[in-house]
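Colleague: I've got the model open and want to know how you arrive at your labels. Can we go through them together?

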Amino acid sequence: MDWQAIIDALPSLGEGMAATLQLCAMAAICSLLWGALMAAALMRASRFWQRLLRVYSNITLALPLLVVIYLLYFVLPEYDITLSSPVVGVLALTLYYAPYIAQVIRAAIEALPKGQWEACRVLGLSRREQLRDVVLPQTLPQMLSPLVGLMIGLIKDSALLSIVSVQEFMYAAKQAISETYAPLEIYLTVALCYWLLNSLLDWLARHFEFRMTRYRRGMQHE
């Protein structure tokens, strides 16, 4: 094991990891917002918009992420739409993960018993009060695990963006290998970093899910 190669590559790998975290944070926020809008539209919008969104979801869910990246990076410039590599990265991850997020949100909301919606109407709660006091406290614990699973997938898939020269973690790893000629050491370091990052996310999700469902365990013991 060439430890010196790892030490020499740490600064560039650190910059790559910082770029990956920034890119993934932006893509996660955008995909959560777009996914929430899609879920609301799929439940409330007119049939035309619902069919349009279903067609978009079906097409996206059937495509590999790599094809979406190639379409944005290589095909759009032929129609005079040229996007920078980081924008392609955020847009590709957003378009790809938003339909999955929409399905998670819609399934959690539709799982609420109809009696609760009727009780909200009887009590005269506004839409905002229904969302804040009834819907989110019950659906967030259900949505948290699948959403975090999708975010972990998003982080892992961000490595594909190195193909279109997005200077993220995997791109930095390739550069480090070309300088140190130590692929085993560099790729093991990369694997360890991805594992630590995703394990931390998983632990945080379990922690928050445990805290958000305390009231249920309290009711069961009464």
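**Pockets and cysteines**

Modeller: Sure. Keep in mind that this is a predicted model. Let's start with the second largest pocket, which holds about 230 Å³ of space.

Colleague: Which residues lie nearest the centre of the second largest pocket?

Modeller: C24, A28, M151, I155 and L201, out of 15 that line the pocket. The helices α1, α6 and α8 (183-212) each supply at least two lining residues.

Colleague: What makes the lining of the second largest pocket nonpolar, polar or charged?

Modeller: Cys, Ala, Met, Ile and Leu are among the types that count as nonpolar. The lining divides into 15 nonpolar, no polar and no charged residues.

Colleague: And how does the lining of the largest pocket divide by class?

Modeller: There you get 16 nonpolar, 2 polar and 4 charged residues. That pocket has a volume of about 710 Å³, and α6 gives the most to its lining, with 13 residues.

Colleague: How do you know how many disulfides there are?

Modeller: A disulfide needs two cysteine sulfurs within 2.5 Å, and a search of the whole structure finds 0. Take C30: the nearest cysteine sulfur, that of C24, is 12 Å away, so with a cut-off of 2.5 Å C30 is in no disulfide. For C193 the nearest is also that of C24, at 14 Å, so C193 is in none either.

Colleague: Why is C30 called partly exposed?

Modeller: Its relative accessibility is 34%. Buried means under 20% and exposed over 50%, so C30 falls in between.

Colleague: What about C193: why is that partly exposed?

Modeller: Because its relative accessible area is 27%, which is also between 20% and 50%.

Methods:
Residues are numbered from 1 along each chain as its sequence is written. This is a predicted model: local features need pLDDT of at least 70, side-chain atom pairs count only at pLDDT 80 or more; totals for chains, interfaces and linings use all residues. Side-chain values use heavy atoms; hydrogens and water are left out. Buried means under 20% relative accessible area, exposed over 50%, partly exposed in between (1.4 Å probe, protein chains only). On a 1 Å grid over the protein atoms alone, a cavity is a set of points where a 1.4 Å probe fits but cannot get out, and a pocket is an open set with protein on both sides within 12 Å along at least five of seven lines; lining residues have an atom within 4 Å of a point. Grid points are joined across faces, edges and corners, and a volume is the space filled by probe spheres set on the points. Helices (H or I, at least four residues) and strands (E, at least two) are DSSP runs, numbered from the N terminus.
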